[in-house]
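Please open the structure in a viewer and keep a selection tool at hand. The tour proceeds by successive selections.

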Amino acid sequence: MTDADRLAEQQLTKALGALLPGSVVVGEEAVHANPTVYEAIRGDAPVWIGDPADVTRQFDHGDTGFCTLKPRS
């Protein structure tokens, strides 16, 4: 987990919530910090599940074998 992971997930959470009001985001970093976040998938609200920087180790080391997600502005 890196600062980039956490910041990207925060930005995605904000953007996705604005895109679909009332939805919730279950992100890898949030679940890592607080496992009860995962319980949102049992609710009635639409749920986004994400990992904004997949394969963080490669990202952190400057390798090219990772991917990112970016919401449309």
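The stops below go from the whole chain to individual residues.

**The whole chain**

Begin with the entire chain in a cartoon representation, bearing in mind that this is a predicted model. Three helices and four strands make up its secondary structure, and their order along the sequence is α-β-α-β-β-α-β. The chain has 73 residues, of which 18% are buried. Switching to a surface representation displays an accessible area of about 5400 Å². Carbon and sulfur atoms account for 55% of that area. If contacts are drawn between residues at least 6 apart in sequence, 36% of them connect residues at least 24 apart.

**Colouring by confidence**

Next, colour the chain by pLDDT. The average over the chain is 81, and 75% of the residues reach at least 70. Which elements have the lowest and the highest mean pLDDT? The lowest mean, 58, belongs to strand E3 (residues 53-54), whereas E1 has the highest, at 90.

**Salt bridges**

Now display the charged side chains. How many salt bridges does the structure hold? There are two. In general, side chains of opposite charge can pair when their charged atoms come close.

For one of the two, select Arg6 and Asp3, whose side chains form a salt bridge with an N to O distance of 2.4 Å. Both residues belong to helix H1 (residues 3-19), where they are three residues apart and therefore separated by about one helical turn. Arg6 is partly exposed, its relative accessibility being 34%.

Then select Arg42 and Glu39, where a salt bridge joins the side chains at 2.9 Å, N to O. Arg42 is exposed, having a relative accessible area of 68%, while Glu39 is partly exposed at 42% relative accessibility.

**A nonpolar surface patch**

With the surface still displayed, select Tyr38, Ile41, Val47 and Ile49. These residues form a nonpolar patch on the surface, and their accessible area together is about 370 Å². Within this selection, centre the view on Ile49, which is located in strand E2 (residues 47-50). Is Ile49 buried or exposed? Ile49 is exposed, with 66% relative accessible area.

**Ser23 and its surroundings**

Hide the surface and select Ser23, in the loop that lies between H1 and strand E1 (24-27). The relative accessible area of Ser23 is 13%, so this residue counts as buried, the cut-off being under 20%. Which residues does Ser23 touch, not counting those up to four places away in sequence? They are Leu16, Gly17, Pro46 and Trp48. Add Trp48 to the selection and show both side chains: a polar contact of 3.0 Å joins Ser23 and Trp48.

**Gly43 and Val24**

For the last stop, select Gly43, which is found in the loop between helix H2 (28-33) and E2. With 43% relative accessibility, Gly43 is partly exposed. Add Val24 and create a distance label between the two C-alpha atoms: the separation in space is 9.5 Å, and along the sequence Gly43 and Val24 are 19 residues apart.

How values were computed
Residues numbered from 1 in each chain as written. Predicted model: local features only at pLDDT ≥ 70, side-chain atom pairs only at ≥ 80, totals over all residues. Heavy atoms only, no water. Helix = DSSP H or I, 4+ residues; strand = E, 2+ residues; numbered from the N terminus. Buried < 20%, exposed > 50% of the residue type's maximum accessible area, 1.4 Å probe, protein only. Contact = heavy atoms within 4.5 Å. Areas by Shrake-Rupley, 256 points an atom, 1.4 Å probe, with all protein chains shown as cover. Salt bridge = Lys/Arg side-chain N within 4 Å of Asp/Glu carboxyl O. Patch = residues over 30% accessible without salt bridge, like charges linked within 9 Å, V, L, I, M, F, W, Y side chains within 5 Å. Polar contact = N/O pair within 3.5 Å; in protein donor to acceptor, adjacent residues only side chain to side chain. pLDDT = per-residue confidence, 0-100.
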